[in-house]
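Work through the exercises below with the sequence and the structure at hand. Each task is followed by its solution.

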Amino acid sequence: MDIWEINFRRWLDEEELDADIKKELKMLSEKRTDAASREQSEAEIRERFEKELKFGTGGLRGLLGAGTNRINVYTVRRTTQGLCDYITEDIGVFDRDKKSTSGKYCCEKGPSVVIGYDSRRNSRTFAEAAAGVFTANGIKVYMFGDICPVPAVSFAVRKYGCLLGVMITASHNPAEYNGYKVYNEQGAQITDSQARRILRRINDIDIFDDVSFLNFESARKTPYFEHTGDDLTNEYIDAVMKCAVLWTDNEDEAKTALRALSVVYSPLNGAGNKPVREVFTRLGVGRVDVVKVQENPDENFTTCPYPNPEKEESMHEAFKLARKVKPDIVIVTDPDCDRVGVAVPQKDGEYRRVTGNEIGLLMFLYIAECRRIGMGGGMPKHPAVARTTVTSSLIDRIAEKYGIEIKKTPTGFKYIGEFMHELDNQGRGEDFIFGLEESCSYLAGSYVRDKDGVSAAALICLMTAKAKVQGLTLFEAIDKIYKEYGYTVSRLINFKFDVLSGMEKTKEITESFRRKECNIVGDFPDDMHNDICRNYGGSRVTEIKDYLRGIENFAKADMIEYHLENGAEFTVRPSGTEPKLKIYISASGKSMEEAETLCMKIEDDLKNKVDYIAGGSEYEK
């Protein structure tokens with residue numbers, strides 16, 4: 001009998017299975033008896049039970065539902081038991097001679113963790129399930145009493161001195177997804193080596209027989225459980241406001257400019273609503289109009305099926321309101337409020353989204369200029385900024401002008417968190433002034449170790465107010481950067497594949513790009529594809545960097561970087577949790593039009609190549 005069939009029958013036979021999960025499995029079983037739906041039903045059962053949901057440095061992320069390859073209370077409990085075993089055995093919380101990585105003895109106060117959750121379907125249920133496992137294993141839980149931004153979990157880990165943090169979220173994914181994000185004791189997402197050790201612990205656990213847990217009502221009555229209160233949230237907001245650096249030492253001038261600022265804001269039915277609006281209030285923003293249909297939690301994301309600030313579609317409702325009230329700026333945050341999207345008015349009155357790279361350039365330049373004139377504590381002696389490799393290289397040119405060290409990291413904000421920890425170990429923690437990733441992800445300060453949409457929203461208001469005082473729109477401010485530092489266009493292509501076979505396709509495509517000798521000399525049977533294989537946008541490949549082999553002292557990552565003769569480059573990166581492939585393109589020119597044209601040519605060639613290998617694909621716009 002196949003493993004998926006064994007797993008499926010075992011779940012069906014489990015006596016104390018959750019009623020909703022049981023109902024879902026019975027429906028699948030009944031479909032198998034119908035000849036018309038048998039093949040499709042068996043394919044779905046196989047997809048749910050043949051594999052286990054992959055645990056990596058981001059924790060878990062997947063579709064909601066019954067099965068070992070789904071997010072449900074059983075996969076959440078098993079993962080949490082793995083964390084408990086990791087805390088007990090790998091960190092050694094009961095070993096008085098063993099120290100944690102921060103140098104503190106592990107059992108000074110007893111092991112503890114923080115649990116937060118967002119507005120997604122079953123997020124609170126999964127948070128309570130995790131709390132039940134931790135408390136049953138004698139590990140103290142600090143749990144947020146309401147939905148919270150993911151950076152608040154990072155903040156709480158550091159405040160309480162916890163060994164780990166857990167955030168129940170699928171970030172900006174569609175409504176049918178949820179996830180389980182894990183933070184280490186520095187408040188950063190766990191490292192690759194930590195993820196591997198945790199995964200080994202999880203793999204040793206039977207999903208039904210080896211998990212110790214209490215129901216939530218019992219867990220909250222133990223001495224191992226505590227709800228966080230308003231004091232924690234206020235401390236977090238206080239830390240955010242310390243990063244909201246003014247551009248002038250004339251506070252009256254700044255307050256007047258902020259009172260004249262108008263904002264349309266949408267939390268996209270997520271956790272940003274209260275903290276972001278509190279920050280706007282503390283800044284003294286004159287007018288804030290909130291998108292009503294996206295103000296409060298909606299687990300179905302009815303008006304925004306794909307709540308991703310990287311996509312203009314996430315702003316459609318905000319644009320409707322903006323056309324009525326004519327704000328200076330539109331700001332949206334994703335459901336767990338670690339990413340922020342921005343749009344500004346054009347001359348025709350319509351609003352256009354500003355790219356993640358462009359906001360990052362503006363934000364970094366704003367911080368550098370403010371620090372240089374002594375604001376925000378002034379510029380540290382050895383200031384540092386961190387960016388991922390797929391983020392605009394114009395950051396490097398700005399950093400060079402202001403004498404700021406630039407650190408390039410692999411894709412993923414966790415690597416920026418690791419760099420911050422390195423600075424801490426060198427006694428340089430305060431030297432970190434900014435970190436960014438092109439995916440609308442920013443951090444200006446060391447109070448947390450992950451991207452923060454709350455502080456980013458504050459800085460966006462400040463730099464917009466400054467530009468307005470100078471008589472500039474944000475687009476005009478961006479154009480000034482391009483004129484001084486060079487015209488560069490960055491673009492992301494998202495390839496999406498069928499859920500049943502997509503992971504294999506992304507692997508096949510990635511391996512095709514990974515074969516250096518094939519990519520340069522051609523690996524397709526006809527001339528057109530031979531040209532595409534060795535030429536992109538009419539330019540030959542000059543260098544290929546495979547980060548899985550270890551490049552420039554970076555941690556190994558499934559990512560391939562191509563450099564072309566004309567100075568353009570692109571990076572191929574498969575998703576580890578979804579049937580998706582991302583390709584990041586960067587192209588430069590003497591004008592924006594020239595850079596755009598080159599970028600489009602490279603994009604067309606890449607789409608042709610991926611389509612040829614995969615037999616077709618779907619693009620996310």
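**Exercise 1: the sheet**

Six strands make up an open sheet with mixed pairing, in the order β1-β5-β4-β2-β3-β6. Its edge strands, β1 (60-63) and β6 (225-227), each pair on one side only. From one strand to the next the twist averages 15 degrees. Strands here are DSSP runs of E with at least two residues, and helices are runs of H or I with at least four, numbered from the N terminus; two strands pair if DSSP finds at least two bridges between them.

The model is predicted: local features need pLDDT of at least 70, side-chain atom pairs count only at pLDDT 80 or more, and totals for chains, interfaces and linings use all residues. Residues are numbered from 1 along each chain as its sequence is written, and side-chain values use heavy atoms, with hydrogens and water left out.

Task: state how many bridges join β4 to β5, and in which direction the two strands run.

Solution: Four bridges join these strands, which are antiparallel. One residue to locate is Gly 165, whose bridge partner in β5 is Tyr 183.

**Exercise 2: two loops**

Task: decide whether Ser 171 is buried or exposed, and do likewise for Asn 269.

Solution: First, place Ser 171 in the loop between β4 (164-168) and β5 (177-183). Its phi is positive, about 55 degrees, although Ser 171 is not a glycine. Ser 171 counts as buried because its relative accessibility is 2% (buried is under 20%, exposed over 50%, partly exposed in between, with a 1.4 Å probe and protein chains only). Next, Asn 269 is in the loop between β7 (262-266) and α11 (273-283). Its phi is also positive, near 60 degrees. At 1% relative accessibility, Asn 269 counts as buried.

Methods
Axes fitted to C-alpha atoms, helices over the stretch in contact; angles between N-to-C directions.
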